[in-house]
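Got your viewer open? Let's take a short walk along the chain, one selection at a time.

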Amino acid sequence: MRVWGEVLSALDAAGRCVLVSILDVAGSSPRETGTRMVVRPDMSFKGTIGGGRLEYDVLHEAVSLMKEGGAAFQTRSYALGPDLGQCCGGRVEIAFEQFDLNYRGRAQDFSTQEEVGIFSTTANTCSSGLLERHVLPPAMCRADSAEIVLNQGKLTERFGEDRPHLYLFGAGHVGKALMLAMAPLGFQISWIDERREIFPKYVPSNIRCIHLNEPQVVVKNLEPGNYVIVMTHDHKRDHAIVDAAVRRTDLAFIGLIGSATKRARTLKRFKDSGVSEAQSKQLVCPVGITEIKSKKPSDIAISIAAQLLVVKEKQMSNAQGGFRFAS
């Protein structure tokens, strides 16, 4: 969720809102530190802190604050077991921050910065009024830094997303299903096919449709760490794309739809054309998690999406120790 975009929308629609943030977690909890939710006066909201009784109580608290006023920024601790009767057994520290139209200009500025990428802010929470956030220098805005930290009255936050970029080659039945599955999963997606008319009329904002007659030429210009999934309508074109991809050693994932037989033939062609064994091992074919055997396009799409999420999470957990590539 783009936090400030949602705050701005709420202010324009309702004139006020509350930004709910998970400040800290001890033990087990439905969501992690940094998770946020934007609540409007009518109790409609965007985002989720995990559902259940915790979210129910927090929603009511947020609406109550907007009705009764009080400090613009305040925190509350919830013991999930004793206080709420939830089985998680952990403790969650929640921040409630009220906004009205006086903050619209700042919300607009921050929303614009979110569109560009990651940025960090710091603010003093000791003031009784709206927090005055100061944007930190770009050198301090790392993708692996904590999303939110409150330490001795100083609130440091990270906003925006560093989305991994997926290049999907092929807009057939499985490609269309995969785009529906991938759209909400935190990827920036370039969807490539030579058939301009095959793309849907409307796609989510994080998906860009590209009409290209020779899609394999794109591979040479991909950024390190990009993901590649290949499922065109032409096996020769499939091979040209994955051949170009495996000759690189800096892509996060290279997947090819197909059978074990297709994999064997592809690897033989790699060997015949001088691709090394180490380069060939980068190819994931068949693509998707092996536990799902169905050949329905929707099921294949879920299988591939799950596999990419596993790779993404492994890379995020290893980010501080250096980038690792899938094999």
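Before you click anything, keep in mind that this is a predicted model.

**Stop 1: a stretch named in a record.** Select residues 11–76. UniProt, in an unreviewed entry, lists them as "domain: XdhC- CoxI". Colour this stretch by secondary structure: over residues 11–76 the chain is 32% helix and 33% strand. Now click the C-alpha atoms at the two ends of the stretch, which sit 24 Å apart.

**Stop 2: M43.** Stay in that part of the chain and pick M43, which you'll find in the loop that runs between β2 (36–39) and β3 (45–47). Check its backbone: phi is near 75 degrees, a positive value in a residue that isn't glycine. Is M43 buried, exposed or partly exposed? With a relative accessible area of 30%, M43 counts as partly exposed, because that label covers values between 20% and 50%.

**Stop 3: Q152.** Next, jump to the loop between β8 (148–151) and β9 (154–159) and select Q152. Here's another non-glycine residue with a positive phi, this time near 50 degrees. Turn on the surface and look at Q152: its relative accessible area is 81%, so it is exposed.

**Stop 4: C285 and P286.** For the last stop, show C285 and P286 as sticks. Which kind of peptide bond runs from C285 to P286, cis or trans? The bond is cis, with omega near 0 degrees. Zoom out a little to place P286: this residue lies in the loop between β15 (283–284) and α8 (297–317).

Note on methods. Residues numbered from 1 in each chain as written. Predicted model: local features only at pLDDT ≥ 70, side-chain atom pairs only at ≥ 80, totals over all residues. Heavy atoms only, no water. Helix = DSSP H or I, 4+ residues; strand = E, 2+ residues; numbered from the N terminus. Buried < 20%, exposed > 50% of the residue type's maximum accessible area, 1.4 Å probe, protein only. UniProt positions renumbered as here; feature names shortened; annotations may be inferred.
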